[in-house]
Amino acid sequence: MTDSFDFSDLVRPGAGAVAPRTPDDTNVLEALHMYRAAEAAMRRRTGTAMGLGENDLLALRFILDQRSAGHPVASKDITRYLGISSASTTVLIRRLETGGFIERRANSADRRSSELVPTEAAEGDTGPMLAVAQNHMAAATRTLTPEEARIVTRFLTTMRSTVDEIGQK
């Protein structure tokens with residue numbers, strides 16, 4: 001890569017951090033960092049277009065994904081997923097309700113609790129915007145050979161597991 005991000009600035013001596021071993025390691029971390037920054041910017045743009053903050057959009061995306069996988073979502077799931085307080089979750093859910101993106105319904109398995117359900121408007125508003133993004137990303141993956149796709153998938157799966165463990169107790 002021509003414009004290199006110097007990851008050594010992120011490694012403090014004595015902090016127990018391990019610096020990248022080779023220029024290739026640094027390039028991989030740099031590419032991942034740049035991708036994450038671009039993805040965050042895309043989420044901000046999407047959220048702005050929908051009138052939602054970044055956490056609101058992340059929560060809505062989580063609710064939509066879980067719903068399509070057949071999993072009910074409770075407010076505690078949003079709290080855990082976003083790593084925010086239950087008070088912040090309550091405010092976030094209220095914003096999504098007021099905006100017409102979700103409804104609270106009695107949980108079908110446990111009538112004492114409620115589940116968060118996306119509205120048709122939420123699916124309609126986010127669907128086309130996310131479909132365009134998905135189509136562009138799918139086009140990018142078609143440039144990979146099957147072996148490259150397996151390598152990238154293995155790497156990203158390992159990175160996801162790694163970051164999911166950070167800060168867990």
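These questions and answers cover a core, a surface patch and one helix residue in a predicted model.

Colleague: Which residues touch the most other members of the largest nonpolar core?

Modeller: That core has 19 residues. Six of its residues stand out for touching the most other members. They are Leu60, Ile78, Leu92, Leu96, Phe101 and Ile102.

Colleague: Which helix gives this core its largest share?

Modeller: Helix H2 (54–68), helix H3 (75–82) and helix H4 (86–98) each supply at least two residues of the core. The largest share is six residues. Its source is H2.

Colleague: What does Leu96 touch, leaving out residues up to four places away in sequence?

Modeller: Leu96 is among the core residues that touch the most other members. Its contacts include Phe101 and Ile102. The full list is Leu52, Asp56, Ala59, Leu60, Ile63, Phe101 and Ile102.

Colleague: Is Ser86 buried or exposed?

Modeller: Ser86 lies in helix H4. Its relative accessibility is 53%. Exposed means over 50%, so Ser86 counts as exposed.

Colleague: How far apart are the C-alpha atoms of Ser86 and Ser75?

Modeller: Along the chain, Ser86 and Ser75 are 11 residues apart. In space, their C-alpha atoms are separated by 7.9 Å.

Colleague: Why does Val152 count as partly exposed?

Modeller: Val152 sits in helix H6 (residues 146–165). Partly exposed covers values between the 20% and 50% limits. Val152 falls in that class because its relative accessibility is 36%.

Colleague: How much accessible area does the nonpolar patch with Val152 have?

Modeller: Val152 shares this surface patch with Leu144 and Leu156. Together, the three residues have an accessible area of about 210 Å².

Conventions: Residues numbered from 1 in each chain as written. Predicted model: local features only at pLDDT ≥ 70, side-chain atom pairs only at ≥ 80, totals over all residues. Heavy atoms only, no water. Patch = residues over 30% accessible without salt bridge, like charges linked within 9 Å, V, L, I, M, F, W, Y side chains within 5 Å. Areas by Shrake-Rupley, 256 points an atom, 1.4 Å probe, with all protein chains shown as cover. Salt bridge = Lys/Arg side-chain N within 4 Å of Asp/Glu carboxyl O. Helix = DSSP H or I, 4+ residues; strand = E, 2+ residues; numbered from the N terminus. Buried < 20%, exposed > 50% of the residue type's maximum accessible area, 1.4 Å probe, protein only. Core = buried A, V, L, I, M, F, W, Y, C linked by side-chain atoms within 4.5 Å. Contact = heavy atoms within 4.5 Å.
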